[in-house]
Amino acid sequence: MRQLFVAGNWKMHGDKASIKTLVTGLNAKADSVGNALVAVCPPAIYLDYTKNCLMADNIAMGGQNMAIEPVQGAHTGETSAAMLKDVGCQYVILGHSERRAIYGETDQEIAQKVKTALDSGLTPILCVGETLEERESGQLESVISQQLDAVIAEVGIDQFSGVVIAYEPVWAIGTGKTASAQQAQDVHAFIRGQLAKLNASVAEKVIIQYGGSVKPNNASELFSQPDIDGGLIGGASLNADDFIAICQAAGEQ
Ligand code: PGA
């Protein structure tokens with residue numbers, strides 16, 4: 001039985017005042033999320049501040065991106081895995097579609113970052129997903145396979161038991177268009193099946209989150225699917241009540 005895991009991806013949102021309000025709201029209701037694993041992923045510059053505001057010991061923290069190089073060095077503007085760990089991160093989101101599309105991150109670079117995270121003791125949340133055009137032209141499975149295969153080639157299948165996968169159809173991110181529970185389940189089952197071909201016990205263990213316009217009113221239906229093990233939440237993670245409601249939906253499964 002996999003534990004459900006909900007992570008909030010704050011993206012490039014917030015300031016000290018709004019983070020204080022948000023985290024105070026999370027602290028107040030953190031004990032209502034039952035068995036769900038919960039994490040928040042603030043912008044890098046606010047990680048330390050967020051950690052200081054977080055009082056709930058069942059809410060972990062993650063970065064939103066990370067350098068390939070694991071430790072400090074001459075990499076202006078980058079954040080290392082060691083730095084993320086130093087300020088209290090347990091997770092790091094890697095390969096988000098915004099990083100792929102806007103910043104040109106390649107499957108190969110993302111795979112290297114996953115390796116760095118694992119080697120450094122961080123749990124990567126590896127995002128995969130297709131665009132609408134790819135889905136409509138029948139490339140869904142090949143795109144997802146290619147994104148996964150690059151990482152499998154870099155770290156090996158056995159290491160995937162330490163990786164969280166987030167399936168995020170690009171067309172559903174921030175658009176209000178959620179994949180239907182069945183559409184999402186189909187892709188989650190496909191992802192698990194691809195891993196199972198290489199190692200069935202790893203495939204059984206790996207947490208696969210769904211991301212893309214998850215809200216309090218659709219979370220339960222999504223999370224009740226057999227291969228959906230929680231969510232990566234963007235917009236709704238910026239409101240404490242909405243995020244907690246989504247975590248509660250995960251905790252009730
Ligand atoms: P959304 O974002 O929930 O706002 O659609 C999800 C994500 O991009 O991680």
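1. Lining of the largest pocket. In this predicted model, the residues that line the largest pocket comprise 11 nonpolar, eight polar and four charged. The volume of this pocket is about 570 Å³. Its lining consists of 23 residues, and those closest to the pocket centre are Lys11, Met12, Gln64, Arg99 and Tyr103. Among the contributing elements, helix H4, which spans residues 97–103, gives the most to this lining, namely four residues.

2. Ligand shell. The ligand is surrounded by 13 residues, of which Lys11, His96, Glu168, Gly174 and Ser213 are the closest. Sorted by class, the shell contains four nonpolar, seven polar and two charged residues. Lys11 thus deserves note on two counts: it is listed among the residues closest to the centre of the largest pocket, and it is also listed among those closest to the ligand.

3. Polar contacts of the ligand. Three contacts to oxygen atoms of the ligand may be recorded here. The side chain of Glu168 places an N or O atom 2.7 Å from an oxygen atom of the ligand. For Ser213, a polar backbone atom lies 2.8 Å from a ligand oxygen. Gly235 likewise has a backbone N or O atom at 2.8 Å from an oxygen atom of the ligand. As for burial, the ligand taken alone exposes 290 Å², and the protein buries 97% of that area.

4. Second largest pocket. The volume here is about 160 Å³. The lining is formed by Ser97, Arg100, Ala101, Asp107, Gly129, Thr131, Glu134, Val143, Gln146, Gln147 and Val170. Two of the elements involved are H4 and helix H7 (140–155), each of which supplies at least two residues of the lining. By class, the lining divides into three nonpolar, five polar and three charged residues.

5. Internal cavity. How many cavities of 30 Å³ or more does the structure hold? There is one, and the largest cavity encloses about 50 Å³ of space. Gly95, Ser97, Arg100, Cys127, Val128, Gly129, Gln147, Glu168, Val170 and Ile173 line this cavity. H4 and strand E5 (123–128) are the elements that give two or more residues to the lining. Four nonpolar, four polar and two charged residues make up the lining of the cavity.

6. Residues with more than one role. Ser97, Arg100, Gly129, Gln147 and Val170 are included in the lining of the second largest pocket, and these residues are also included in the lining of the largest cavity. Glu168 lines the largest cavity, and its side chain makes the contact of 2.7 Å to a ligand oxygen.

7. Salt bridges. The structure holds 12 salt bridges. One of them joins the side chains of Arg2 and Asp227, with an N to O distance of 3.9 Å. Arg2 belongs to the segment before strand E1 (5–9), while Asp227 belongs to the loop between helix H10 (216–223) and strand E8 (230–233), so the pair ties together parts that are 225 residues apart in sequence. The reviewer may wish to note that this N to O distance of 3.9 Å falls within the 4 Å cut-off applied to salt bridges.

Conventions
Residues numbered from 1 in each chain as written. Predicted model: local features only at pLDDT ≥ 70, side-chain atom pairs only at ≥ 80, totals over all residues. Heavy atoms only, no water. 1 Å grid on protein atoms, 1.4 Å probe; cavity = no way out; pocket = protein on both sides within 12 Å on 5 of 7 lines; lining within 4 Å. Points joined across faces, edges and corners; volume = space filled by probe spheres on them. Nonpolar A, V, L, I, M, F, W, Y, C, P; charged D, E, K, R; others polar. Near = heavy atom within 4 Å. Polar contact = N/O pair within 3.5 Å; in protein donor to acceptor, adjacent residues only side chain to side chain. Areas by Shrake-Rupley, 256 points an atom, 1.4 Å probe, with all protein chains shown as cover.
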